[in-house]
Amino acid sequence: MFLILFAVTFGLRVVIACTLSPFGDEAFYWQESLAPAWGYSDLPPLTAWLIGASEAVFGHGLLPMRLPFLLIGAAIPFQVRAIARRHADDAAGWQAGTLAQCLPLAGSLGVLAVPDVPLTFAVLLAMQGLLGALDDGCWRDWCLLGVGLALAWATHYRAAMPMLGGLVFLLATPRGRAQWRKPGLWIAMGIAALGLLPIVIYNLQADGAGVAFQLVERNPWRFHADALAQPLEQAATCTPVAYVALLWMAWRAWRRRGEAPFDAIASIAGTFIVAYFLLGLFADDVRFRVHWPLPGYLLLCAAWPSLPSSSAWRRIVHAGFALALAGLLAGFGWLGLAASGDGARVLANLKAFPSNFTGWRESAAVLQGELLHDSGALVVADNFMLAAELRFALGGPRTVYSLDSPLNAKHGRAPQLAAWRIDEAGLAMHAGQRVILVVDETSLRERETRDWLGSICARVDIVRPLSRLDLFDGRRRIAFYDAVARAAPDVPRNTDQCVIWMAAYRAMPR
């Protein structure tokens, strides 16, 4: 069952990875890969390094960009299997790996080139090392723990969560407290600290831009009651019965925290679930975050075959994960439809429009047609996502500038664009040159759209409209303008007199 499920899901992931347009964040990670560095304003370097290495070998394209993530994602069920069989038998390992593949987020890992794939792999690698070190005290396992944590730090600032989970284990369990006196733990922490070097080096060079975004700019640090709905979000993500089963596993593992391996698994998995819930009450309430506890869920899948339970509970768990598998297949269906124009129209009719994956190819085709008439024109997009998408479609060498959209700051990309000099300040260095301006009229929320689009006329000199794309009954609207770069933004004028806002307003669905 494990192998059949793996073959089916991996095949689906490959097909989707070869056809689905990159969404904005994914394209920006690709753009970061063109400028290898110790870090970037949104992330540590590993995601960009993986993309860059793959494209250096296989060339530019959707599959080369996503190939490392497909392979890493394919390894994760086998990691869960290895953790499960350490304290059980081979059958328990296959069962745990099968459950892990059924979870929608886990079963689809690798379709997109996103940092959650190597981060999840790194957390599970560290757990493999920790459990081995606890059982055998082998130096190799302590080193594996350190390497896993170092990879996690090199991938994302959320590597702080497995560190916190490990601290809970070291403080809250007898076996954990015994490790403080063992040199292997400190060797592992020394290796893990190597993963912090890129973060430290980048933030010293960039005046703390990465830390500022992750810890300050993206988080309100005040209580917001809407975050109390997080368990409902998690239930929808895992599917409800599977989520209840995972919480039951966490409780049963915690009750047996005096035994191996439940002490380590319960401490670390429980930290992922509880700490992220508490953090969510005060932290980022705007961006997508339902994937954060996934490594904890996978650890619980590894513990499941070893947890004593009644036949009734086993039937509930199996039924819940069967429903989760149905959710995974439905997710693959959604992504498959999103990969084609006709499929996106079907999703639009079902009120499940994949806006993040649509419109880029059509925009690039129009832009390439305009560049045939004037290949020396500068290309400027009105936000970083559109700029990265267009650059990906054009193949990379051509610079695509981004205006200083509110999206750039919201997603932590403004400092990086400034460092590359492809923001408005960089564009001002080419004052007087012809610009092909591409404007995504649907990128912002409705209440922000008027002010932003109305301000563009003060940022570049608009000469005339070139063309317009109205796609999917107006759900995606992208306009093209002939413009001239300015030396500096003008004083904002009456928004309603800006040709860009007027054109967008007339095109809005009524």
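**Stop 1: helix 21**

Select Phe 384, Met 385, Leu 386, Ala 387, Ala 388, Glu 389, Leu 390, Arg 391 and Phe 392: these are the buried residues of helix 21. Buried means under 20% relative accessible area, with exposed over 50% and partly exposed in between (1.4 Å probe, protein chains only). Helix 21 covers residues 384-394, and because 9 of its 11 residues are buried, the rest of the structure largely encloses it. Helices are DSSP runs (H or I, at least four residues), numbered from the N terminus.

This is a predicted model: local features need pLDDT of at least 70, side-chain atom pairs count only at pLDDT 80 or more, and totals for chains, interfaces and linings use all residues. Residues are numbered from 1 along each chain as its sequence is written, and side-chain values use heavy atoms, with hydrogens and water left out.

**Stop 2: the ends of helix 21**

Go to Asn 383. It caps the N-terminal end of helix 21. Show its side chain: an oxygen there lies 3.0 Å from the backbone nitrogen of Met 385.

Now jump to Gly 395, just after helix 21. Gly 395 has a positive phi of about 105 degrees.

**Stop 3: helix 20 against helix 21**

Add helix 20, residues 360-373. The two helices pack at an angle of about 65 degrees, and their axes are 9 Å apart. Axes are lines fitted to C-alpha atoms, for helices over the stretch in contact; angles run from 0 to 180 degrees between N-to-C directions. Helix 20 is therefore roughly perpendicular to helix 21, a label for angles of 65 to 115 degrees.

Which residues of helix 20 meet helix 21? Select Trp 360, Ser 363, Ala 364, Leu 367, Gln 368 and Leu 371. On helix 21, pick Leu 386, Glu 389, Leu 390, Ala 393 and Leu 394. Contact means heavy atoms within 4.5 Å. By class, this contact has 8 nonpolar, 2 polar and 1 charged residues.

**Stop 4: Leu 119**

Move to helix 7, residues 116-136, and select Leu 119. Is Leu 119 buried or exposed? Leu 119 is buried, at 6% relative accessibility. Beyond neighbours within four places in sequence, Leu 119 is in contact with Ala 152, Thr 155, His 156, Arg 158 and Ala 159. Then add Ile 83, 36 residues away along the chain. The C-alpha atoms of Leu 119 and Ile 83 are 17 Å apart.

**Stop 5: Ser 33**

Finish in helix 2, residues 24-33, at Ser 33. Ser 33 is buried, with a relative accessible area of 11%. Ser 33 touches Ala 48, Ile 51 and Gly 52, not counting residues up to four places away in sequence.

Definitions and conventions
Polar contact = N/O pair within 3.5 Å; in protein donor to acceptor, adjacent residues only side chain to side chain. Parallel < 35°, antiparallel > 145°, perpendicular 65-115°, else oblique. Nonpolar A, V, L, I, M, F, W, Y, C, P; charged D, E, K, R; others polar.
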